[in-house]
Every structure is written in C-alpha cells, then in structure tokens.
Amino acid sequence: MNAFQKNKSKETLFTFIPAGDDPPRGGFSSQKKSPKLCGTNYPLSIAFIVVNEFCERFSYYGMKAVLTLYFLNFLHWDDNLSTTIYHAFSGLCYFTPVIGALIADTWLGKFKTIIYLSIVYVIGHVIKSVGAIPTVGNQVVHVVLSMLGLALIALGTGGIKPCVAAFGGDQFEEEHAKERSKFFSVFYLAINAGSLISTFVTPVLRGDVKCFGGDCYALAFGVPAALMVIALVVFIAGSGMYKKTPPRGNILLEVCQCIAFAITNRLKNHSKQIPKREHWLDWASEKYSKQLINEIKMVTRVLFLFIPLPMFWALFDQQGSRWTLQATKMNADFGGIVFKPDQMQFLNPLLILIFIPIFDFGVYPLINMCRFNFTPIRKMATGMILAGLAFAAAAIVEIKTNETSMPSPVPKESFIQVLNLAKDSIHVKIQGQDLFQQPTGAFQDPAEYSKLTLNGAQQNLGFELQSQGSVSTFYHNVQEKSVYSLIVYKSEGNLSSHLIADMETKPGKGLTAVRFINALDQDVNVTIDREQIISVKKNYSVSEYTTLDRGKYNVQCKTEATEVTLDLGLLDFGAAYTIVITNTSANTIEAWKTEDIMANNVHIAWQLPQYLLISAGEVMFSITGLAFSYSQAPVSMKSVLQAGWLLTVAFGNVIVLIVAQAAPLEQWAEFVLFACLLFAVCIIFSIMGYFYVSVDPEDLTGKEDEKEMPSNGNAISLVPQKTKL
C-alpha cells in the first residue's frame, strides 16, 4: 500500500501544506537535531505530534457525533434547521483552513499558528460545553453560547488543519524521506483511531449518563473539550524538540494575485489591434514568470475537474445529520445490547480501515487481472455511483420506517380512535362521518386511527353511542390537524365519554412514551422506575405522556386502600402507550395496555448496507482523488490543490443546507433527489474526465508524457488522451 492510500477521506493525506513546505527540503542545518525515537531515524518530536492529532480528532469527531441530536432535543429545533446548522458548521470547518494557511505562511509560522488556534479551539469547546448545561441561562443563552462555541471550534480545527501534518513532516531530515512517508501513515492511523473511538464513546456519555434530569450533553461535549486541552498540553510539551521553520510567503495568495492580474490585464487590453495570446493566463506574463504561469495552468486544469465534486460530499456528510435522524426511528436492540442512534456513525471509520487493504490488495489487483484500465477518473466516478446507491438504500429504509409513524393530518382533518372501557360492546356513530361500521369490543385494542373530515378549523361533533339497545349522544369539540382518543365507559350504569388529545408524533431519540387512565373510583399515585411519581385522579382521568428509555417496566400503583405492582411489559422504541388502571372481576387492580403509536419495527442493522456502500465509495473517490490531484500538480502548487480539495468538502455542505431549507420534501424523497443529483453529476464528471489530458508536472513546457503508467492497487494509472480540454 502506498502512502497515498493510508488515510481517511475526511482528512487529506496531502494536507494543505503551506508554501515551501511540500515536503521540506532541509534548511535545518542551523538548528539542533531532535533526539531520535528508540534508536531509530524517527525524531522523538513526532510522538508528541501524533498524540496531539489523536486527541484533537477525538475531540472534533466526538463533539460532532452528538451535535445533531443536541440541536434536535436540547435546543428543540426541527429536523431541517438541525440539519442546516450541522452542515453550516461542517462547511465552515473546511473554509477556515485557508485562513490557517495564510496565518502560518505570512505571519506566525506553523508552530505558533497551531498553538494560538488550538487555544481558540479549547475556548470554543468550553463555551460549547457550558451552553449545554440546562441551568445556565434560558433558551436564547444556550443558542448564543452554542453558536459562538461552534464558530470558534470551526476556526480552531480548520485553522490548524493545514499546519499539523506539514509540521510533522518538517521534523525529518531530507535523507530520511522513507521514515517521513511512514510517519504520515501513522499520523492518519491516529486520525482514524480518534474518530473511531470518539464516535462510539461520546454517544454513550450522552445517553447512558444522566445529568440535570436528562441526557448529559454537557458531559458529551466536556470530554472532547478535555481531550483538546490534553492535545494542546502534549504539543507544547514537545516544544524544545521541534524544528520550526519561519514563514516563507503564501503560494496560494500568489496564485490568486497572478490570476487576478491576468484577468485585469486582459480586460484592459481588449482592443482587436492587440495580438491574442494562446492562454488567458498568458496575460500575466508582464508581471509574473513563465514558470509560475505554466504551473498555474496545470493547477487550474485540475481545479476545473473539481467543479462537480462537492455533490459527493453533500451526500457523504449526511451520515451525521439525516442518517442519524433516521436511526432515531429504528429498533436498535442487538440481543440485549442497545445502540444509540448517533453511535452508528462509528461504522464509517471502522469500514474505512477495513476497506483500504481490501481494495489495495484485493479489488484493484483483480480488476487489473481482467485487463480493465481502471483509471483514477473511473475510480472516482465509481465512488460517486456507490454513494448514490447508498442514498437509494437509505430512501428504501426511510419508507419502511415511516410505516410506523403517525399519519400527518392536513387542514380540516383529524384522526380518532375509540377506547371502549365499558364491559359491553358498543357501536359508535359520528355526526356526518362514515366511520366505525363494526362494533367495538370491551377493552379492544384499536387497530389504527380513523380520519375525521371537518368543515372548518374546528367543529362540534355529535357522538352517538349504542349498547344493548340504549343510545346516548355526546358532543365534543374537535380541532383540525389533531389526534384524539374517544374514551367510552359506564358511569352510574349509563354510557359516558371523554375526548382526549393523543401524541401526534413519535417520541424522539428512540424513547418510548406512556400515559395512564385511572378507571378506579379513587385517586392513584403511579411510581415508575422508583423515581417518577404520577398522580391520576379517579373516574377516568388521564395523565400526560411521560417519556422513558426503552425497556421492561413494573410500576407501583398506590391508592388510599392498597398498593400493588403492575407489570407493563416491554415499552418499545418509538412507541406511545395508554395504560388503563382498572378493577378485575375479583376486585383486584390490573393494567390494560394499548399501543397508540406503533413501535419502531425496522431494525437499525438495515442501515448497514448504506454505510457499506458509502464507505466503499469514499475509498474509491476520496483517496484516489487526493492521489490523482497530487500527482498532477507541480511541487510548489500542491498546497493550492489541497485548498481546492478542502473547498469541495465545504461547498458540499453548503449544498445540503440549501436543499434542506429551499426544498422541504419528505425525507425519502430528499434521499432520492440527492441520489439522482449525484448520478447526473457523475455523468458530467465522466465526460469531463474523458477529455482531461494527464500531464507530467515536471514538464513545464507543456509536452505530455505519451507513456502509459502501470495501473495497480498501489499506483495511479494516468492515460493521456489525444484530445484537448
């Protein structure tokens, strides 16, 4: 496996390296040599850098893993706003590396930039953790602190991104290039390890540890904050061993200035009498060297090929938003081991670590044995197709999960069910409605809700109840877009009824909900899980819904005369239950349970195919794309291409937040939309790739290398086309 293929796509192996540092070519003779690690040629200083990177990645991915549920359940935002802010933050994290590179190259140098922006990073984590404490201020304070904390985190994590890997490469002497290559492998192993562990652990800290009466988001954010403090302390601890190169000017800034000058100069000299030039960048020749202009030409050709790439990242980064929200509506019980919805994200880094050697030593060699020229462009296009298929699979899963959701009433429409708590069957007729053709048996669990059609925003409807020849009529006011239960019971030998409002949507976070109806002639105190005490008045009074973790429950029911324990059985993921406390024929207390909202019956393991597909797509798209773009740029321009690559991730997140706000579709339809968009972009990218002419970056005269490079799992096959871009 070559060094280009040891990384995870979220991090670029060829990090956006500041000018003059790609890779460092010596120049350290005036500095003392760093002590070696255990008698090897590895500087001891890299141990501090690797540990720093592990802790920083743990910090970032750990915080990000619980971010969507924090927006949804703590700040009480809806799905679309939560998704929008999540992707706005993710996009910002990939815009800020440009700022970090400018600071490092033109002002502070990499070492000081890492120190100062890490401090900003820590402050952001602390503010974010404080904002997650329920007792600190009101809702507005929580939102302000959260947004401020995320902004500082984005500046910190993005600002140090272009510096840390390059700073590690600076520590090696030129004659130890082999050791430097292996260092990058270890470096990105630390990235994957930090991501894998944190995405599994922080959801446990959020859900299994309770604080302030609920999920402990303060702890889930506080532990990543502590890891970032450790990362900063470890990095500073190695200060005396580091080789520190001074700022040398920013090549990215110079490229932008050259392009701007070429455009300006062309606009000033638009006369037909002025001779045309072969390329629009040649208009910068009055100020910039021919070599720089030729290098920028190479880079702009690759950047043009980058234009379709953000759509892949638009799909990829939804693992932490839409896919996590989907997981909250699924059954997460693995034979007694219950997964958190946000824990499923750990599958991606785990699968990446598994897939990289499989593709390098299995898939790609097999394809080569079939004599198929699997070029980098084709690999990336295949990765796009796999990501699109992943979203098609996600759409199918979403459709199945929606089967257990409550129907959504529209204006002038409501839903109703009948709970017959009388001892005899009854027949219910509703004024102006053609419902309930069959009698409802005593304590019969309603199969589903029935739809009421109203003549306005509200309507006073007559309910006719027939039982054993007697008829009683009651009037209840019904609001549109609501869900109701009609409770029918006998009072002093006559039929009576209540109309009560039901839960309209599934309980969030995969929780379960329960309420109690007291059919006794005395008040009842219900104790759930030894902590929650619910008082329910006598004569068919109804409690509010109480949300609980999924599990089997026994409740203590205490009246003035007696105290009994009732077995409620399993209260399952996403279900809502009504428990009727009533007397048996033997005059003992019993509980009758009915399911108002169906439990999540689609297992969370059905998300595995979509994670498999998108992770395989990431290996083929991201790692190949990084190596391809790196091979197509001159040494001095590799940092510019890395800036372009990071910006494709940023713009991909921008696409998601635009779609989430501008196109409010059903979730399954949104998944299909993204899949279709990526398939369309894949076709465009394939056409662009067909006309792309691969170049030798060392050949600045424009001559192309006609020799086809071998294609195997460890090398990039670049086949020059006989056409022009």
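The protein chain has an average pLDDT of 85, and 90% of the residues score at least 70, where pLDDT is the predictor's confidence in each residue, from 0 to 100. The structure is a predicted model, in which local features require pLDDT of at least 70 and side-chain atom pairs are counted only at pLDDT 80 or more, whereas totals for chains, interfaces and linings use all residues. Residues are numbered from 1 along each chain as its sequence is written, and side-chain values use heavy atoms, with hydrogens and water left out. Over residues 701–725 the pLDDT is below 50, and this stretch has 60 contacts in the model beyond near neighbours in sequence, a contact being defined by heavy atoms within 4.5 Å. Residues 1–9 likewise stay under a pLDDT of 50, and for them the model has 45 contacts beyond four places in sequence.

The protein chain contains 16 helices and 20 strands, assigned as DSSP runs (helices H or I, at least four residues; strands E, at least two) and numbered from the N terminus. Of its 725 residues, 55% are buried, with buried meaning under 20% relative accessible area, exposed over 50%, and partly exposed in between (1.4 Å probe, protein chains only). The accessible surface of the protein chain comes to about 30,600 Å², of which carbon and sulfur atoms account for 60%; accessible areas were obtained by the Shrake-Rupley method with a 1.4 Å probe, and for residues only the protein chains shown count as cover. Among contacts between residues at least 6 apart in sequence, 72% join residues at least 24 apart.

The largest nonpolar core comprises 137 residues, of which Phe71, Phe89, Met384 and Met637 touch the most other members; such a core is a set of buried Ala, Val, Leu, Ile, Met, Phe, Trp, Tyr and Cys residues joined through side-chain atoms within 4.5 Å. Helix α13 (residues 376–402) contributes the largest share of this core, 11 residues. A second, separate core of 21 residues includes Tyr553, Leu568, Tyr577 and Ile579. When residues up to four places away in sequence are not counted, Phe71 touches His76, Trp77, Ser82, Ile85, Tyr86, Met147 and Leu150.

Two further residues illustrate spatial proximity between parts separated along the chain. Leu613, in helix α14 (residues 608–631), counts as partly exposed at 24% relative accessibility, and, leaving aside neighbours within four places in sequence, Leu613 is in contact with Leu386, Leu389 and Ala390. The C-alpha atoms of Leu613 and Ala393 are separated by 9.0 Å, although these residues are 220 residues apart along the chain. Cys676 lies in helix α16 and is partly exposed, with a relative accessible area of 45%; the C-alpha distance between Cys676 and Phe391 is 9.3 Å, for a sequence separation of 285 residues.

A search of the whole structure finds 20 salt bridges, each defined by a side-chain nitrogen of Lys or Arg within 4 Å of a carboxyl oxygen of Asp or Glu. One of these joins Glu670 to Arg322, with the closest N and O atoms 2.9 Å apart. Glu670 lies in helix α16 and Arg322 in helix α11 (residues 322–327), so the pair ties together parts that are 348 residues apart in sequence. Both Glu670 and Arg322 are buried. A salt bridge is also formed by the side chains of Lys329 and Glu398, at 2.4 Å from N to O. This pair links distant parts of the chain, 69 residues apart, with Lys329 in the loop between α11 and β3 (333–334) and Glu398 in helix α13. Lys329 is partly exposed at 23% relative accessibility, whereas Glu398 is buried, with a relative accessible area of 1%. In the salt bridge between Glu403 and Lys400, the N to O distance is 3.4 Å; Glu403 is partly exposed at 49% relative accessibility, as is Lys400 at 39%. In addition, Arg206, Lys210, Asp215, Asp342 and Asp549 are linked in a network of salt bridges.

At the surface, Ile683, Ile687, Tyr690 and Phe691 make a nonpolar patch of about 420 Å². Patches are made of residues with over 30% relative accessible area and no salt bridge, like charges being joined within 9 Å and nonpolar side chains (Val, Leu, Ile, Met, Phe, Trp, Tyr) within 5 Å. Ile683 belongs to helix α16 (residues 667–690) and is exposed, with a relative accessible area of 54%.
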